[in-house]
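Work through the exercises below with the model open. Try each task before you read its solution.

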Amino acid sequence: TSSVQGGPQDELAELRTTLGQLGQRMATQVKEPAKKGRNLEAVLDALVDPVIVTDQADEVLMCNAAAERLFAAPRGTLAGRPVQGLLTRREILDLHHAAHKGTSGSGRVTLTTEGGPRVFDVAAAPLPNAWGTGVFGVLLVLRDITSLAQAVQMQTDFVANASHELRTPIAAIKAATETLAGGAIDEPVMRGKLMGTIGTHAMRLEELVHDLMDLSRLETPTLSVEIEPISWPELLASIRQTFDPACAGKNIRLHLVLDPGCNGFAGDRRLIGLILRNFIDNAVKFAFADSTIDAQITRTPAGVRIEVADSGQGIPLSHQERVWERFYQVD
């Protein structure tokens with residue numbers, strides 16, 4: 001006997017198997033783009049720099065969470081907005097337009113944000129079509145470099161201010177020596193006056209050199225700090241000995257008040273002394289004659305608080321935020 005194989009039942013079973021495999025394959029193919037899309041969103045959101053992608057109509061196609069924070073926009077509300085309404089600075093729009101034409105570019109702009117003005121390095125790159133030729137859209141990346149820009153500006157200001165401070169005593173010493181060489185050395189009164197000028201400005205140069213050395217040491221990453229109990233009476237006696245002559249010249253009374261709770265406080269005597277001398281030196285320079293300088297050292301839960309107050313003309317409000325800039329002086 002013989003049997004017939006490959007009947008209708010077998011063909012239906014094979015078809016069901018094929019359809020099942022095809023369905024699984026299609027389901028996988030449908031899930032894969034969605035998975036890649038979610039992964040791309042996760043990658044973009046992990047970036048700290050704002051990223052914006054626009055389409056051929058110059059509308060936001062997608063962006064990351066940093067971009068939404070930059071524009072204070074709720075989640076998912078930037079998509080579909082025209083880039084011209086989102087970024088109004090001409091520099092950025094010119095970069096975006098050039099990228100749409102196929103040319104990458106970058107530039108630096110300042111944007112006003114909820115946290116105040118911020119400086120950004122902006123990069124714009126064209127996104128080519130997945131199929132065929134041409135540009136599909138533009139990728140914008142905004143890197144916040146505000147801290148770097150401020151550091152560069154502070155360095156520039158420091159060089160300018162330090163140069164100005166050095167120029168004044170150098171010019172005075174040069175003028176005095178030229179006058180002496182011109183014949184004033186034979187005139188006792190003029191000679192004494194010019195020698196005094198040279199001495200005064202030489203001391204100023206020495207102070208500036210010490211300030212620069214202190215700054216160099218303080219900004220060294222490997223600065224050594226020696227923590228030990230501070231003898232405040234000894235430190236204040238040294239301070240008084242340093243400034244008593246200058247105070248006497250302007251009839252200034254220097255009051256040093258020490259909180260007994262500071263006894264036993266441990267710190268770096270050299271650095272704390274540097275802070276105290278710097279504050280008092282500024283107070284003596286700018287206090288009015290026949291006035292008082294009060295210096296108080298008190299213990300707080302956080303450590304030690306140093307307060308120095310004088311009765312000088314003070315610092316205008318518009319300049320007070322720059323008080324910590326190195327060598328910056330108000331005219």
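Four exercises follow, each with a worked solution.

The model is predicted: local features need pLDDT of at least 70, side-chain atom pairs count only at pLDDT 80 or more, and totals for chains, interfaces and linings use all residues. Residues are numbered from 1 along each chain as its sequence is written, and side-chain values use heavy atoms, with hydrogens and water left out.

**Exercise 1. Strand β1**

Task: Find the partners of β1 and state the sense of each pairing.

Solution:
- Locate β1 at residues 51–54. Strands (E, at least two residues) and helices (H or I, at least four) are DSSP runs, numbered from the N terminus.
- Take β5 (residues 135–144): β1 pairs with this strand in the antiparallel sense over 4 bridges. Two strands pair if DSSP finds at least two bridges between them.
- Take β2 (residues 60–63): 3 bridges join this strand to β1, again antiparallel.
- Check Val-53, which stands opposite Leu-139 in β5 and has Met-62 as its bridge partner in β2.
- Inspect the β1–β2 hairpin: 5 residues lie between the strands, and Asp-58 in the turn has a positive phi of about 60°.
- Look at the side chains: Val-51 and Val-53 point one way, Ile-52 and Thr-54 the other, and all are buried. Buried means under 20% relative accessible area, exposed over 50%, partly exposed in between (1.4 Å probe, protein chains only).

**Exercise 2. An open sheet**

Task: Give the strand order of the open sheet of 3 strands and name its edges.

Solution:
- The order is β7-β9-β10, with mixed pairing.
- β7 (253–258) and β10 (303–309) stand at the edges; each has a single partner strand, so one side of each lacks a neighbour in the sheet.
- The twist averages 10° from one strand to the next.
- β7 pairs with β9 (residues 292–300) in the parallel sense over 6 bridges. Leu-254 has Ile-293 as its bridge partner in β9.

**Exercise 3. The second largest pocket**

Task: Which helix gives the largest share of the lining of the second largest pocket?

Solution:
- Count the lining: 12 residues, with Thr-200, His-201, Arg-204, Glu-207 and Lys-285 nearest the centre.
- α5 (146–181), α6 (188–218) and α8 (269–286) each supply at least two lining residues.
- α6 gives the largest share, 5 residues.

**Exercise 4. Cysteines**

Task: How many disulfides (pairs of cysteine sulfur atoms within 2.5 Å) are there?

Solution:
- The count comes to 0.
- Cys-247 is buried at 2% relative accessible area, and Cys-262 is buried at 0%.

Definitions and conventions
A disulfide is a pair of cysteine sulfur atoms within 2.5 Å. On a 1 Å grid over the protein atoms alone, a cavity is a set of points where a 1.4 Å probe fits but cannot get out, and a pocket is an open set with protein on both sides within 12 Å along at least five of seven lines; lining residues have an atom within 4 Å of a point. Axes are lines fitted to C-alpha atoms, for helices over the stretch in contact, and angles run from 0 to 180 degrees between N-to-C directions.
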